[in-house]
Amino acid sequence: RLVLNCVGPYRFFGEPVVEACVENGASCIDISGEPQFLEGMFLKYNEKAAEKGVYVVGSCGFDSIPADMGVLYTRDKLKGTLTAVESFLSVKSGPEGLGVHDGTWKSAVYGLADEDNLKKLRKQIGYAPVPVIGAKLKRRGFMFYSPEFKEYCITFMGSDGSVVKRTQRYLHTELQQTPVQYGAYVTVGGLGSVIKLMFLGMLFLLLVKFNFGRKLLTKYPKFFSAGCFTKEGPTQKQMDGTSFTMTFFGEGYSEGQDPQKGKPNVKICTEVKGPEPGYIATPIAMVQAGLSLLEDASSLPKRGGVYSPGAAFSKTKLIDRLNKRGVEFSVISKPEV
C-alpha cells in the first residue's frame, strides 16, 4: 500500500520507484530535497496517480516537513489571517561537530548545476501565480545580521521555499485559503563563520559550473565542505550532539480586519525543534507521514496525485504525531502590535 522511497540522489534513482508505485497502485513517500525531481514527478505523474487513487508525497524528511508544516501550524495558531512568515533555521552541534553523508552533497552539486532546466520545467508546468495578500514580504539580502539571534544569517538554499510555495498554491487554488508569503533563512554565526562560508560558497559555485569541477566536488566532499560532508556520514556521537531549531516569525491581520487594507496588525512567533536533522529527525518525519497517509486517510485530499507535505497532510494529525516523537511544534509568543 505504501512505499518509503529513500534512494537519493533522486534525480538519478527516484523516478523508477515513483513509476512502479503509480503503475501498481501503491502510494509513495520520499525525503527528497531536490525541487527539480519533486516538480518533475508532479508534471509526469500527477494525473496518473489521481486516476489510480494513490498519493505521491515528496520531501517528507527534514526537507521540508518542519518548514511546510511549520507555516501551517503558525497559520492555525494566529487569531486572524496570516499573510507572511519568515523562518530561521539554527543547527547546533556538540564537541564532535556536524556530519552529513555525501549523498546530500551530491544532490546539491547536481541541483545547482542544472538550475536552468528547473526554470524550463516550471514553464512547462505553467504554474498559476500565487497572489500576494496583505503587505508584501520584503526580501532580505543574501547575508544580513539578525538582532533576534545575534548572528549573521543567509538565505536558506534548500528546497523549503519551493515546497512551501507549492503547498500555498494548492491550498489557495483548491481550498480557497489565503496564501502565505514565505522567506527561508539559516543562522551561520559570527564574522569568522561568514568569511569561511563565503570562501567555500564561492569556490563551490565556481566549480559546480564545469564537469571537471563537479567531479572534484563529488570526489572530495570532505575537503570542499571543510569536513561537514563525508562519504562515511556522521558518527553516532555527532548525531547525539546535534539538534535543530526552526523559528517562524509570522505577521497578519486580526479577525475582522481586511488583509487588503492597511499594515499587518498582529504578529506571532512559533518554533519547530528536534534532534539531529538528517538521520534522526528525517526518519521520524518520514515514518509519521507514512502513518498519517495510512491512518488519517479520510483527511487526505479527495483525489490522489503528486503532493507536497502541507498539501497532503494539512488536515491530518501529522503535527500531533510528530510532537509525540520528539519533533516539537510550539508557540513562543503572540504579541499584538
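**Exercise 1. Find the bridge partner of Met143 in β7, then describe the hairpin around it.**

Step 1. Look across from Met143: its bridge partner in β7 is Ile154. Strands and helices here are DSSP runs, numbered from the N terminus (strands are E, at least two residues; helices are H or I, at least four).

Before going on, note the ground rules. This is a predicted model, where local features need pLDDT of at least 70, side-chain atom pairs count only at pLDDT 80 or more, and totals for chains, interfaces and linings use all residues. Residues are numbered from 1 along each chain as its sequence is written, and side-chain values use heavy atoms, with hydrogens and water left out.

Step 2. Pair the strands. β6 (residues 143-146) and β7 (residues 151-155) run antiparallel and are joined by four bridges. Two strands pair if DSSP finds at least two bridges between them.

Step 3. Inspect the turn. Four residues lie between the strands of this hairpin, and Lys150 takes a positive phi near 55°. Lys150 is not a glycine. Its relative accessibility is 63%, so Lys150 counts as exposed. The scale is: buried under 20% relative accessible area, exposed over 50%, partly exposed in between (1.4 Å probe, protein chains only).

Step 4. Cross to the next strand. β7 pairs with β8 (residues 181-189) in the antiparallel sense, over four bridges. Tyr152 stands opposite Gly189 in β8.

**Exercise 2. Work out the strand order of the sheet that holds β6, and name its edge strands.**

Step 1. The order is β6-β7-β8-β4-β10-β11-β13. These seven strands form an open sheet with mixed pairing.

Step 2. The edges are β6 and β13 (328-333), each pairing on one side only.

Step 3. From one strand to the next, the twist averages 30°. Axes are lines fitted to C-alpha atoms (for helices over the stretch in contact), and angles run from 0 to 180 degrees between N-to-C directions.

Step 4. Check the β13 end. β11 (residues 266-275) and β13 pair in the antiparallel sense over five bridges. Val272 is opposite Phe329 in β13.

Step 5. Add a helix. α3 (residues 65-77) lies across β4 (81-92), β8, β10 (243-253), β11 and β13. Helix α3 runs at about 40° to β10.

**Exercise 3. Describe the sheet that contains β1, and the packing of α2 on it.**

Step 1. Four strands form this open sheet, in the order β1-β2-β3-β12, and the pairing is parallel.

Step 2. The edge strands are β1 (2-5) and β12 (305-307). The twist averages 15° from one strand to the next.

Step 3. β1 and β2 (residues 27-30) pair over four bridges. Leu4 stands opposite Ile29 in β2.

Step 4. Helix α2 (residues 35-52) packs on the sheet and touches β2, β3 (55-57) and β12. Contact means heavy atoms within 4.5 Å. The direction of α2 makes about 150° with that of β12.

**Exercise 4. Classify two aromatic pairs by distance and angle.**

Step 1. State the rule. Rings of Phe, Tyr and Trp (its six-membered ring) pair if their centres lie within 6.5 Å; planes under 30 degrees apart count as stacked, over 60 as edge-to-face and the rest as tilted. By this rule there are 17 aromatic pairs.

Step 2. Take Trp105 and Phe229. Their centres are 5.1 Å apart and their planes stand at 45°, so the pair is tilted. Trp105 is in helix α4 (residues 102-113) and Phe229 in strand β9 (residues 229-230), 124 residues apart. Both Trp105 and Phe229 are buried.

Step 3. Take Tyr170 and Tyr307. The centres are 5.5 Å apart, with 90° between the planes, and the pair is edge-to-face. Tyr170 belongs to helix α6 (residues 160-175) and Tyr307 to strand β12, 137 residues apart. Tyr170 and Tyr307 are buried.

**Exercise 5. Which residues of helix α8 (residues 211-219) are buried, and where do they lie?**

Step 1. The buried residues of α8 are Gly213, Arg214, Leu217 and Thr218.

Step 2. Look down the axis of α8. The buried residues fall within an arc of 125°, so they line one face of the helix. The arc is that of the directions from the helix axis to the C-beta atoms.

Step 3. Turn to the other side of α8: Phe212, Lys215 and Lys219 are exposed.

Step 4. Find the neighbours. The buried residues of α8 pack against α4, α7 (191-207) and α9 (221-224).
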